[in-house]
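Reader: Hey, got a minute to walk me through this one? I'd like to go over the cysteines and the metal.

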Amino acid sequence: MLLKKIFKNNFLILGILLSTTGIVSAQSYETNFAKPLSRVLQEISLRFDVRLKYDADTTGKVVPFADFRIRPYSVEESLTNVLSLFDYKYAKQDDKTYKIKAYEYPRRTPDDGKKMLTYLNSLYPDSASWENRKACLKKEVREKLQIDPILKQRTGSKPILSKIRKYDGYTVQNFALETLPGLYVCGSIYTPLSKGKHALILCPNGHWGGGRYNSDEQTRFATLARMGAACVSYDLFGWGESELQVTASAHRTSAAHIIQLVNGISLLDYMLTRKDIDPARVGANGGSGGGSQVVMLSVLDNRLTAACPTVSLASHFDGGCPCESGMPVSLACGGTNNAELMATFAPKPVSVISDGKDWTASVPELEYPYLQRIFGFYHARNQVSNVHLPNEGHDFGINKRRAVYDFFIAGFALDHKMLDESKVTIEPEVAMHSFGAKGEKMPANAIRDFKQVEKYFNRKADSKANSDIDAEKRAQSWTDSLKISNQEKAAQVKAIILKHIKAVRDWHNEHPYTTIPEGINPLTGKPLSQLDREVIANSAKPASVHKALMDGLRKNLDEEQVEKILDFYTIGKVAFTMKGYKSIVPDLTEKEEAYILGQLKAAREQAVDYKSMKAISAIFEVYKNNCEKYLNDNGRNWRQLYKAYVNKVKAEKAINSSK
Ligand code: ZN
């Protein structure tokens with residue numbers, strides 16, 4: 001043993017020595033030709049004369065077979081070969097600059113987008129094959145998004161509406177619509193002053209500074225309203241007044257992806273019940289993240305008749321926020337992207353607004369021709385348009401707004417004579433609140449915690465609520481059975497029991513048997529069963545849980561009452577088992593009975609801390625073994641007694657059945 005240790009240590013020392021000498025640090029087979037990542041990247045930078053910027057950590061990372069990954073003819077292939085080991089990638093910034101970044105699942109390169117569109121086009125050489133693909137997308141997008149079970153929970157409520165504010169050619173009214181029980185979406189409806197049925201434009205918000213209160217946003221909604229379209233502007237999940245309900249951090253979750261779309265669909269539900277809305281003219285327009293919502297709504301809701309995603313749509317970017325890519329929609333039907341999803345809207349009119357300085361720079365070359373081809377299947381190429389602003393960046397400035405106005409003036413026959421942004425009144429944020437400046441007007445049933453959003457997504461929350469009700473019922477009926485005349489005392493006893501039942505349950509649920517590693521049961525020599533592991537996991541709960549119950553009961557009740565409660569927990573196992581012993585050992589002595597009763601009571605008191613009946617029985621089994629050992633040690637032959645008892649029961653049965 002000692003020798004082994006010495007050897008081991010010496011090898012360690014030898015290893016350290018070798019690694020500090022030239023032999024091992026040299027590039028060779030023995031060292032896997034390894035080099036630190038930072039050095040490899042430095043060498044690539046020098047070799048190809050490019051500048052590397054870093055948005056990823058290289059410290060401590062080592063590249064095996066480092067120099068073998070270099071392709072002398074291609075900096076990009078070399079970078080890919082090295083970076084892919086660490087789930088890093090590069091982004092080309094210009095001919096001489098690359099940025100090293102962590103892998104981003106929603107973002108690919110325009111080159112990837114091009115390849116993907118070529119591949120997608122190959123899937124549908126004709127309109128029939130396109131229709132098949134479209135049917136698949138319409139179905140699988142819903143599945144990937146898991147939206148249908150949530151949509152089923154829509155309340156169908158009417159919104160809480162504010163007073164109407166009247167401006168030059170339009171009005172604004174705030175709303176708070178309860179979309180899911182306790183969850184509200186807040187926003188403002190911009191309505192034309194003109195009479196008759198208005199076109200409707202749903203305006204999901206993007207990640208603009210100031211959200212929907214942003215002046216570019218207000219200007220657009222008001223101007224469209226002046227021209228004859230009712231515009232519904234609403235908060236992102238976790239932004240604006242939604243932040244009061246679920247906090248801002250709730251926005252960067254996959255729930256946001258689903259709930260924002262549920263909100264959009266619920267708003268359509270409501271708006272289409274209104275007599276001033278023309279269901280034949282229902283559009284959607286949003287910029288950036290709002291554009292991502294437009295694409296999704298166009299797939300999910302057939303009531304839309306026109307769509308205008310702005311500085312958003314691309315074949316190589318799904319939107320980097322979890323509210324756009326939190327659910328794996330782009331994996332539908334073996335892989336898709338926003339360009340293909342938008343194509344499912346054909347032949348209904350689409351205008352894609354793009355610019356030269358964000359990921360939509362590729363639209364004129366890639367996404368627009370792709371969309372035209374699909375619209376061509378319907379002989380409707382003229383129904384898809386692209387307004388590209390090559391010198392502009394990622395915003396919703398005047399030229400993008402003009403493109404939006406033009407699209408809806410043409411498609412929805414809006415009154416172009418009313419197009420005048422100078423007539424718009426920019427409102428202060430507080431004027432646009434439904435819940436008041438600090439949420440003081442929030443409805444009583446409004447959820448106020450993101451955790452409560454869980455109830456829409458899984459039945460676990462429901463089952464916990466049901467389990468709480470069940471625990472309450474048990475605690476109540478057990479207490480009632482004691483007929484305690486002092487109400488205060490009864491309430492105390494019930495509270496003590498309830499607290500204990502819940503503590504046992506919660507511990508059980510939070511510490512499943514899988515938290516105990518597999519192993520051998522030292523008593524049986526057999527592998528631990530699931531039940532063994534459950535008992536071990538349950539037994540680890542703090543002793544204070546048990547002590548609080550027993551101390552509380554003993555403080556308020558006499559011993560007989562305490563026992564009664566313990567019997568409820570263990571469904572009368574003490575009496576039942578005692579009866580069994582008396583049948584098996586008909587001449588049980590007083591001393592033997594006292595011993596057995598003591599054991600069973602000990603089992604009972606221990607078993608109350610276990611949730612499942614199987615675990616409770618397992619605890620009793622341990623004490624029953626003690627009883628049987630005691631009988632054997634005191635001149636009884638338990639096995640024989642038991643056998644005689646079984647035979648007697650069998651004989652009685654035989655007599656009964658022959659009668
Ligand atoms: Zn977002």
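Author: Sure. One term up front: a residue counts as buried when its relative accessible area is under 20%, and as exposed when that is over 50%. Also keep in mind that this is a predicted model.

Reader: Okay. Is Cys321 buried or exposed, then?

Author: Cys321 has a relative accessible area of 7%, so it is buried. Cys323 is buried too, at 3%.

Reader: And what are the protein donors of the zinc ion?

Author: Those two cysteines are among them: Cys321 and Cys323 each give their SG, while His207 and His251 each give their NE2. These atoms lie 1.9 to 2.2 Å from the zinc ion.

Reader: What's the geometry of the site?

Author: Tetrahedral, with angles of 104 to 115° among the four donor atoms.

Reader: Which spacing do the donors follow along the chain?

Author: The pattern reads H-x43-H-x69-C-x1-C.

Reader: Switching topic: how many disulfides does the count come to?

Author: The count comes to one disulfide. Cys136 and Cys333 form it, with their sulfur atoms 2.1 Å apart.

Reader: Where do those two sit?

Author: In distant parts of the chain, 197 residues apart. Cys136 belongs to helix H6 (residues 127-145), and Cys333 is in the loop between helix H12 (322-325) and helix H13 (338-343).

Reader: Left-handed or right-handed?

Author: The torsion about the S-S bond of Cys136 and Cys333 is about -115°, so this disulfide is left-handed.

Reader: And what about burial for Cys136?

Author: Cys136 is partly exposed, with a relative accessible area of 25%, whereas Cys333 is buried at 13%.

Reader: What about Cys203, how far off is the nearest cysteine sulfur?

Author: That sulfur belongs to Cys231 and is 4.3 Å away, and Cys203 is in no disulfide. The cut-off for a disulfide is sulfur atoms within 2.5 Å, so that distance doesn't qualify. Cys203 is buried, with a relative accessible area of 0%.

Reader: Last thing, helices. At what angle do H20 and H21 cross?

Author: Roughly 140°, and the axes of H20 (residues 543-556) and H21 (residues 559-569) come within 8 Å. Roughly antiparallel would take an angle over 145 degrees, so H20 and H21 count as oblique to each other.

Reader: Which residues make the contact?

Author: On H20, Leu549, Met550, Leu553 and Arg554. On H21, Glu559, Val562, Ile565, Leu566 and Tyr569.

Note on methods: Residues are numbered from 1 along each chain as its sequence is written. This is a predicted model: local features need pLDDT of at least 70, side-chain atom pairs count only at pLDDT 80 or more; totals for chains, interfaces and linings use all residues. Side-chain values use heavy atoms; hydrogens and water are left out. Donors are N, O and S atoms within 2.8 Å of the metal (3.2 Å for Na, K and Ca); water is not among the atoms, so sites may look incomplete. Four donors count as tetrahedral if all angles lie between 85 and 135 degrees; four count as square planar and six as octahedral if opposite donors are over 155 degrees apart and all others between 65 and 115; anything else is irregular. Buried means under 20% relative accessible area, exposed over 50%, partly exposed in between (1.4 Å probe, protein chains only). Helices (H or I, at least four residues) and strands (E, at least two) are DSSP runs, numbered from the N terminus. Axes are lines fitted to C-alpha atoms, for helices over the stretch in contact, and angles run from 0 to 180 degrees between N-to-C directions. Angles under 35 degrees count as roughly parallel, over 145 as roughly antiparallel, 65 to 115 as roughly perpendicular and the rest as oblique. Contact means heavy atoms within 4.5 Å.
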